[in-house]
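Please load the structure in your viewer and keep the selection panel within reach. The stops below say what to select next and what is to be found there.

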Amino acid sequence: MHGAPNVADQTSICDLDEEEKTHGHSIESAVVHLRHGQANFNFIDTPGYSDFIGGMIGAMAAVDCAVICINAHAGIQLNTRCAMKEAEQAGIPRMIMITKMDDPQADYKAILGMCRDTWGNGVVPLQVPLGEGSSLRDVACAIDLQFEARDAAMNLVHAHEQLVEKLVDTDETLMEQYFEGVMPDADELRRLLKQVIAAGAVIPVLCSSATTGVGLLPLLDTLVDVAPKPAEVVRQFLSADGEIVTIDQAADGPVAAPVFQVRVDPFVQKLSYIRIFSGTLCKDQSIHISGVRKEVKLHPLLRLQGEQTKPIDSASAGEIVAVAKMEDLHVGSSLGDLELPPIAFPEPMVGLAISPTKRGDEISCLLRCTN
Ligand SMILES: Nc1nc2c(ncn2[C@@H]2O[C@H](COP(=O)(O)OP(=O)(O)OP(=O)(O)O)[C@@H](O)[C@H]2O)c(=O)[nH]1
Ligand SMILES: [Mg+2]
C-alpha cells in the first residue's frame, strides 16, 4: 500500500535489526498485534529464508493457526514444504496465502494446481483473485459468491462447488440434502470449514498483494470466521512421566507458557518471547521455570509491536509477551507448573567455535551466538 511500511524501503516493523533491513530478509521472528472488529490478533512473522528455519519452528510451537505464504511468481519453495510439515506436526490448522498477486507473472491457477499436487485434494480455493498482475482489484470469497466475477482468475462458481462438495462430504445429513438439491447456507459452510480446517482435512487457499493492500482485510475476516480462537483450542502433550497432559487455553487455568524465541537486542539485551497457552502472568510474580530449581521473580511484561515494547501489568491465555534480561529463560523453557515438552529443532549441520575478543565479553559474546 502506498506509504505503508515495507521490506523494500527497510521500514517493515517486522524487520528489527540493521542486517534484516539491509538484506530484506528477516533473520528472527517478530511479533505484532492488531485489533479487527471485536477480535484481537497476535501475529508472529517468521523468517522465510531456509537458513533461519529455527525462527519458523519456534513460532509453530507457539501459535493456534499457521498462514503459509507462497509467492505467486516464485511458487512452492523448499521452505514452504518445511513450514507445511512443521505446522502439520504441531497439529495446528494450516492455510495457504498466495502473495504478490499484483506481480505481472502471478498465476493463481498454476500455483493452486501445484499446491493440490503437493499437499492433496484437501487444498481448496477459498478466495479467487479478481484480475491478476496490474489489473488485480480484489479477491472474491468462494463461500457466498457476492461478486460478479467475470474476470476472476478461475471460475468462481467452480471454486464454490469444489468447496461445497468438500465440506458436505464431512457430514452425512448435509451430503444427503445436497444430493436432494438443498444447499447449506453461507454460515453453515463457514461452521463446517472451521471444523475441517481444525482437523487438518482442508487447507484453504487465500490470495493477496501486500503492495496494493488487496486481500488483507479479507484475510482478517477469514481468520475471524474460520481460525480457532485460543479458548477453543485444547492442547495435549506427553509429560516427562509419560502421562497425557491436557491444557485448556483458559485465563484462570494453571500457567503454561513456552518461550519460543530469544532475541538479543542492543538496548534491552536479552528479550525472551513467551506465548501464554494457559493461565495469567503478572509482573513481579514468582514463577516456576523448567530446569530451574527455585521459583524466579518475573521481570516486567512487555507487549510487542515489532521492535516497540510497551510495559503491561499482566497477560493471559492467548497472548504473546516478552520479558527482558531473564537469564534463566531459553528457547523451549516453559513458565508455570505445567512443564511443556521442549521444542524439537533439527540437528545442526555445522559446528562453530567462538572466542571473545576481550576479557569480560564472554557472556555477551556467547549470548549473541547461542540465541
Ligand atoms: N510486487 C509485490 N512485491 C512485494 C509484495 N510484498 C512484498 N513485496 C516485495 O518483495 C520483497 C520481499 O518482501 P517480502 O517477501 O514481503 O519479505 P519477507 O517475506 O519478509 O522475506 P523473509 O523475511 O525473507 O521471509 C520486497 O522487495 C517487497 O517490497 C507484493 O504484494 N507485491
Ligand atoms: Mg520478513
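## Around the ligand

Begin by selecting ligand 1 together with its surroundings: of the 16 residues around ligand 1, those that come nearest are Val7, Ala8, His25, Ser26 and Gly48. If you colour this shell by residue class, the residues around ligand 1 divide into five nonpolar, eight polar and three charged. Bear in mind throughout the tour that this is a predicted model.

## A pair of helices

Next, select residues 53-60, which are helix 2, and residues 78-90, which are helix 3; the two pack at an angle of about 25 degrees, and their axes are 9 Å apart. Because an angle under 35 degrees counts as roughly parallel, helix 2 is described as roughly parallel to helix 3. The crossing of helix 2 and helix 3 is right-handed.

To see what makes the contact, show the side chains of Ile53, Met56, Ile57 and Met60 on helix 2, and on helix 3 those of Asn79, Cys82, Ala83, Glu86, Ala87 and Ala90. Sorted by class, this contact of helix 2 with helix 3 has eight nonpolar residues, one polar residue and one charged residue.

## The parallel sheet

Now turn to the open sheet of four strands, whose order is 3-4-8-5 and whose pairing is parallel. At its edges lie strand 3 (66-71) and strand 5 (123-125), each of which pairs on one side only. Neighbouring strands of this sheet are turned against each other by 30 degrees on average, with direction ignored.

For a closer look, select strand 3 and strand 4, the latter being residues 94-99: the two pair in the parallel sense over six bridges. Within this pairing, valine 67 stands opposite methionine 95 of strand 4. When side chains are displayed here, remember that in a regular strand they alternate between the two faces of the sheet.

## The antiparallel sheet

The last region is an open sheet of six strands in the order 17-16-19-12-11-20, where the pairing is antiparallel. Its edge strands are strand 17 (308-312) and strand 20 (334-335), and each of these pairs on one side only.

Start at the edge with strand 16 (residues 301-305) and strand 17, which run antiparallel and are joined by five bridges. Arginine 303 has lysine 310 in strand 17 as its bridge partner. What do strand 16 and strand 17 form, and how many residues lie between them? They form a hairpin with two residues between them, and glycine 306 in the turn has a positive phi of about 65 degrees.

Moving inward along the strand order, strand 16 is joined to strand 19 by two bridges, again with the strands running antiparallel; here the bridge partner of leucine 301 is valine 323 in strand 19. Finally, select strand 12 (residues 269-275) with strand 19 (residues 320-324), an antiparallel pair joined by five bridges, in which tyrosine 273 stands opposite alanine 322 of strand 19.

Methods: Residues numbered from 1 in each chain as written. Chains lettered and ligands numbered in written order. Predicted model: local features only at pLDDT ≥ 70, side-chain atom pairs only at ≥ 80, totals over all residues. Axes fitted to C-alpha atoms, helices over the stretch in contact; angles between N-to-C directions. Parallel < 35°, antiparallel > 145°, perpendicular 65-115°, else oblique. Left-handed = near helix turned anticlockwise from the far one by under 90°. Contact = placed C-beta atoms within 7 Å. Nonpolar A, V, L, I, M, F, W, Y, C, P; charged D, E, K, R; others polar. Near = placed C-beta within 6 Å. Pairing = 2+ DSSP bridges.
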